[in-house]
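Hi everyone, and thanks for coming. Please have a look at the structure on the screen, and then I'll walk you through a few parts of it.

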Amino acid sequence: MHSILIKNGHVIDPANHIDCLSDILVSDGRIAAVGMVDGLPEGTREIDAAGCCVVPGLVDMHVHLRDPGQTHKEDIMSGCRAAAAGGVTSLLAMPNTSPTMDCGEVVSDMLSRAEKAAA
């Protein structure tokens, strides 16, 4: 079992009415405990999140990926990496591309490339 303890973070989880300084234990990619955690599994990695907010994945509804057509400015891979680094887990790509994402074929191609970028 792989565990991570995120310590001292400002935990904000509106769905569960949590807004406080707390610890979070993550085991095998799932939240196992929020609050004071006793008896950590052996080999638990600890991250000090003092001064940081710990929140559910964010959604960005206005992203200029510029792909297709303007990949010298941004592409799917660089845009998705930047989003992930900022805590964004879902995004909406604006259709200001060349060609414009206004038909199923262009959207299907972009979705296929985005899936590969996320792997």
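Let me start with a question: is arginine 113 buried, partly exposed or exposed? Keep in mind that this is a predicted model. Arginine 113 has a relative accessibility of 27%, so it counts as partly exposed, since that class begins at 20% and ends at 50%.

What does arginine 113 meet in a salt bridge? Its partner is aspartate 109, with N and O 3.1 Å apart. Aspartate 109 is partly exposed as well, because its relative accessibility is 38%. Both residues belong to helix α2, which covers residues 104–118, and they sit 4 residues apart, about one turn of the helix. That fits a general rule: an α-helix has 3.6 residues a turn, so residues three or four places apart point the same way.

Let's stay with α2 for a moment. The helix has 15 residues, and at 1.5 Å a residue they should span 21 Å. The C-alpha atoms at its ends are 21 Å apart, so the expectation and the model agree.

Which residues of α2 are buried? They are Val106, Met110 and Ala117. Looking down the axis of α2, the buried residues fall within an arc of 30°, so they line one face of the helix. Among the elements that cover them are α1 (76–85) and β7 (88–93). On the other side of α2 you will find Glu105, Leu111, Glu115 and Lys116, which are exposed.

Now please turn to strand β1. How many bridges join β1 to strand β2? There are 9, and the two strands run antiparallel, with β2 taking in residues 18–27. One place to look is isoleucine 12, which stands opposite aspartate 19 in β2. The hairpin of β1 and β2 has 4 residues between the strands, and there histidine 17 takes a positive phi near 55°.

β1 has further partners. With β4 it pairs in the parallel sense, over 4 bridges. Here isoleucine 6 has isoleucine 47 of β4 as its bridge partner. Strand β5 (residues 53–54) also runs parallel to β1, joined to it by 2 bridges. In that pairing, valine 11 is matched with valine 54 of β5.

Side chains tie into this picture too. By the rule used here, the count of salt bridges is 2. We have already met aspartate 109 with arginine 113, and lysine 7 forms a salt bridge with glutamate 46, where the closest N and O atoms are 3.1 Å apart. This pair links distant parts of the chain: lysine 7 is in β1, glutamate 46 is in β4 (residues 45–48), and 39 residues separate them. Lysine 7 is partly exposed because its relative accessibility is 25%. Glutamate 46 has a relative accessible area of 43%, so it is partly exposed too.

My last stop is serine 3, which lies in β1, a strand of residues 3–13. Is serine 3 buried or exposed? Its relative accessibility is 2%, so serine 3 counts as buried, the limit being under 20%. Its side chain makes a polar contact of 3.1 Å with the side chain of serine 27. Leaving out residues up to four places away in sequence, serine 3 touches several others, including Leu25, Val26, Pro41 and Thr44.

That's my tour, and I'm happy to go back to any part of it.

Notes
Residues numbered from 1 in each chain as written. Predicted model: local features only at pLDDT ≥ 70, side-chain atom pairs only at ≥ 80, totals over all residues. Heavy atoms only, no water. Buried < 20%, exposed > 50% of the residue type's maximum accessible area, 1.4 Å probe, protein only. Polar contact = N/O pair within 3.5 Å; in protein donor to acceptor, adjacent residues only side chain to side chain. Contact = heavy atoms within 4.5 Å. Salt bridge = Lys/Arg side-chain N within 4 Å of Asp/Glu carboxyl O. Pairing = 2+ DSSP bridges. Expected span 1.5 Å × (residues − 1). Arc of directions from axis to C-beta.
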